[in-house]
Amino acid sequence: RLPGVGLDRRRFSPLPPGERQALRESLGLAPDDLFLLSLGELNLNKNHQVVLAALSLLQKTPQGLAGVRYGICGEGFARPRLEREIRERGLSQVVTLYGYQRDVIPFLGCADATVFPSRREGLGMAGVESLAMGVPVLAADNRGTREYMEQGVNGFLCPWDDPEAFAAGIAALQGLGPGEREAMARRCVDAARPFDKKYAAAVMARAYREMDRKVRERRYGQPSSDQRGHGGVPA
C-alpha cells in the first residue's frame, strides 16, 4: 500500500498573499469571488457534468451564482460536450475552460477550493497537491479521496452522482468566514503531510527490499545479503 508517487511540498505550498492576489487579478477574479477549480482530463470519468448541474441548481436560488467562478484545466474528448452543456445551462459567464496547462500551481494557488468529482480515482495526487497549498477540496466520495479527505475538516465529500450534494458543498464553502477559511487552510496543509515524497520513498524502499528478499530466497534458497549481514550472493 503506497502513499502515491510522493508529494513535493517545496513546490506545492501556500502562496504569499500578495502573489496570490496578483494571480487572481490576472485571471479576472474579484477579491471576494469564490474561485472553484478542477484539474484533469476532460472525459466522462472525471464527471465535470455533475458540477455544472450543481451550479445550475445554485443559479435558481435567491443568491444565485453572484461571485462564483468555476475553472477547469485540462483537455480531452469530452470538451465539445462540456462546451455545449455550459451554453445550454447559461453558465458561460461562470465557467471557464482553460485547456491544458503545463504548470497548474498558479491556478491552484489562487483557488478558493478545488473540485474533484471523479467517479473513480486511484489516489488522485491533484487533490493532495491542492491540500498542500492550503486549498480545500470538494470531492466525490471514492476510494482515492477517502485516503486524504475528512468531511468538514479539509473540505467536503459528495456522492459522485449527486448534484444537490455538490451544490450544498459549494454553498458551505461560500458561507465560510475569514477565520474559518484560514483554519481550514491550515488543516488542509496538515492533511497533505503524510503524502510527502520522503515517506513515499521510504515505503517504496521497504517494498523493493522485501521483493529482493523473496526473489533471493526463491532463487538461492538462502536469506538475502541484508539478512545474512554480509555482501554478495552466489552466482
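So, Y208: is this tyrosine buried or exposed? In this predicted model, Y208 has a relative accessibility of 53%, so it counts as exposed, given that the cut-off for exposed is over 50%. You'll find Y208 in helix α8, which covers residues 197-220. And Y208 has company: together with M204 and M211, it makes a nonpolar surface patch of about 310 Å².

Okay, now let's go to helix α5, residues 125-132. How many of its eight residues are buried? Seven of them, so this helix is mostly covered, with buried meaning under 20% relative accessible area. If you want to click through them on your screen, the buried ones are M125, G127, V128, E129, S130, L131 and A132.

And what do those buried residues pack against? Two helices and two strands, and here they are: α4 at 105-109, β4 at 113-116, β5 at 137-140 and α7 at 178-192.

Before we leave that area, have a look at what follows α5. There's a glycine there, G134, and its phi is positive, near 80°.

Last stop, N47. This residue has a positive phi too, about 65°, although N47 is not a glycine. Where is it found? In the loop between β1, residues 34-39, and α2, residues 48-59. And is N47 buried or exposed? Its relative accessible area is 5%, so N47 is buried.

So, to recap: Y208 is exposed, α5 is mostly covered, and N47 is a buried residue with a positive phi.

Definitions and conventions: Residues are numbered from 1 along each chain as its sequence is written. This is a predicted model: local features need pLDDT of at least 70, side-chain atom pairs count only at pLDDT 80 or more; totals for chains, interfaces and linings use all residues. Side-chain values use heavy atoms; hydrogens and water are left out. Patches are made of residues with over 30% relative accessible area and no salt bridge: like charges are joined within 9 Å, nonpolar side chains (Val, Leu, Ile, Met, Phe, Trp, Tyr) within 5 Å. Accessible areas come from the Shrake-Rupley method with a 1.4 Å probe; for residues, only the protein chains shown count as cover. A salt bridge is a side-chain nitrogen of Lys or Arg within 4 Å of a carboxyl oxygen of Asp or Glu. Helices (H or I, at least four residues) and strands (E, at least two) are DSSP runs, numbered from the N terminus. Buried means under 20% relative accessible area, exposed over 50%, partly exposed in between (1.4 Å probe, protein chains only). Contact means heavy atoms within 4.5 Å.
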